[in-house]
Amino acid sequence: MPSRAVGFLAVAGLLASICAPPHAGAQQVATGQNISITIHGIFSGSFFAQDADFGTGNGQKAEFGTAERDKWVHGGDVRNTRLSLGINGPEVKTGWRANATFEMDFFGAFTAGGNFGDEQPQPRLRLAYVDLASARTTLRIGQDFSPTFGLVPQSTSHIGFPLGWGSAGFIGWRFIQVKLIRTLSRPGAATTKRVQLAVMNGSWSDEPAGTDNQFNAGERGLPQVEARFDYSKARWAGYIVGHIDSKDVAGPDLTSSVVEVGFSTTRGDLSIAANGHYGKAMAHQFAQIVQFGDIQGWGAWGQLGYNLNPRWSLWGFFGTERPDENDITNNAVTDATGAAIAPAARRFTSALYAPMLRYKSGPYALGLEWLHSDVQVGPSANNKVRSGNQVLLSARLDF
């Protein structure tokens with residue numbers, strides 16, 4: 001068994017022994033040094049069938065069709081399963097506490113090929129950061145989501161890889177960063193206003209594999225800088241985010257930028273959420289249908305949900321990503337590994353449709369979802385629409 005798997009099992013066993021509570025449902029564990037641990041996460045499983053291959057993967061990772069199949073295939077996936085630890089630390093200065101967060105899921109590589117490998121996914125680090133926090137201000141250092149990672153569409157199957165990520169208007173990723181979070185509203189105010197400012201490590205498609213002694217074009221350029229403003233009140237919330245960074249590529253430096261807005265609201269049994277962005281060279285945050293180059297474009301998604309009764313609900317998602325056709329045609333374009341994409345294979349537009357019927361009772365949810373993806377491959381004068389379908393029956397338990 002790989003050493004990483006052994007290490008994870010040892011940690012899981014230790015946590016299980018420490019955390020076995022005298023009463024079911026207890027989630028906090030007291031330790032020494034005035035530190036407590038809060039444990040939460042997701043258990044998730046999906047059984048699916050699909051008639052295409054998908055990027056950025058299949059099963060619970062599927063986002064956009066990459067190759068049509070002549071017949072349906074089926075499979076199962078449990079990689080959304082997630083463990084999160086919240087560390088509530090001691091007061092290090094009057095009014096200031098030290099906290100930390102660690103989170104992992106199982107979207108790492110499978111242990112091996114052959115008959116038994118796909119039932120043994122390996123853990124993957126998601127978040128790991130330390131906070132210095134007062135009542136209204138937090139200084140965060142470590143790996144966290146970028147402020148562009150905004151609203152997450154509802155889904156029982158696409159959790160670690162949300163609907164529309166890289167294909168239909170959903171952008172954002174995790175980076176090592178220094179982030180300042182400040183709540184502007186006073187406690188008890190009718191509205192909540194919050195600002196975030198993050199300086200994050202650069203990123204681009206020429207990242208060397210398996211080494212830490214070389215730097216990609218993003219890390220040789222200026223770091224990513226993002227600012228976000230959130231505003232919320234009783235039944236709705238909205239935000240706006242701005243981003244800029246530069247990459248030290250051959251020739252003039254390449255500048256990445258984006259403006260993103262999003263909002264959500266609940267009106268009786270109806271829920272509405274939407275998000276949109278416009279920018280350029282943002283493939284490192286899953287825009288431009290994950291094609292790297294000097295490419296402008298926009299993307300947007302929306303989702304409606306309606307409660308049929310307290311436990312059953314219907315949901316409909318639609319999103320699209322629209323890179324600029326001239327930029328895709330005339331500029332150099334690479335994939336996430338830095339390999340060149342031939343003009344006839346470049347993705348010019350993408351659309352994703354995803355209806356869902358969901359049963360939810362407390363922390364348990366059961367959902368039946370259908371994903372339909374259309375991707376225009378090649379320029380409009382000689383293009384092909386590549387379609388893909390995926391049907392999933394999924395269950396999740398949040399704790």
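**Note on the predicted model: strands, cores and one loop residue**

1. β7 and strand β8 (residues 174-183) pair in the antiparallel sense, with 9 bridges between them. One position fixes the register for the eye: Thr137 stands opposite Arg182 in β8. This is a predicted model, so please read each point below in that light.

2. On β6, the strand covering residues 124-133, the pairing with β7 is also antiparallel, and 6 bridges make the join. Asp131 has Arg140 of β7 as its bridge partner. The connection from β6 to β7 is a hairpin through 3 residues.

3. How many residues of strand β7 are buried? Of the 9 residues in β7 (137-145), 7 are buried, and the strand is mostly covered. In a regular strand, side chains alternate between the two faces of the sheet.

4. Confidence next. The protein chain has a mean pLDDT of 91. A pLDDT of 70 or more is reached by 92% of its residues. The stretch to treat separately is residues 1-24, where pLDDT stays under 50. For that stretch the model has 13 contacts beyond four places in sequence.

5. The largest nonpolar core holds 30 residues. Which of them touch the most other members? They are Trp165, Trp204, Phe317 and Leu371. Strands β6, β16 (347-361) and β17 each supply at least two residues of this core. β17 gives the most, with 3 residues.

6. Phe317 deserves a look in the viewer. Beyond its neighbours within four places in sequence, Phe317 is in contact with Pro153, Leu163, Gly164 and Ala168. The list continues with Trp301, Gly302 and Gln303, then Leu352, Tyr353 and Ala354. A second, separate core has 7 residues, among them Ile37, Leu83, Leu85 and Met104.

7. Now the loop after β17. Asn383 lies between β17 (364-377) and β18 (384-398). Is Asn383 buried, exposed or partly exposed? Its relative accessible area is 33%. Buried means under 20% and exposed means over 50%, so Asn383 counts as partly exposed.

8. What does Asn383 touch, not counting residues up to four places away in sequence? Gln376, Val377 and Gly378 are the residues in question. For a distance check, take Asn383 and Ala283: the two are 100 residues apart in sequence. In space they are 22 Å apart, C-alpha to C-alpha.

Methods
Residues numbered from 1 in each chain as written. Predicted model: local features only at pLDDT ≥ 70, side-chain atom pairs only at ≥ 80, totals over all residues. Heavy atoms only, no water. Helix = DSSP H or I, 4+ residues; strand = E, 2+ residues; numbered from the N terminus. Buried < 20%, exposed > 50% of the residue type's maximum accessible area, 1.4 Å probe, protein only. Contact = heavy atoms within 4.5 Å. Pairing = 2+ DSSP bridges. pLDDT = per-residue confidence, 0-100. Core = buried A, V, L, I, M, F, W, Y, C linked by side-chain atoms within 4.5 Å.
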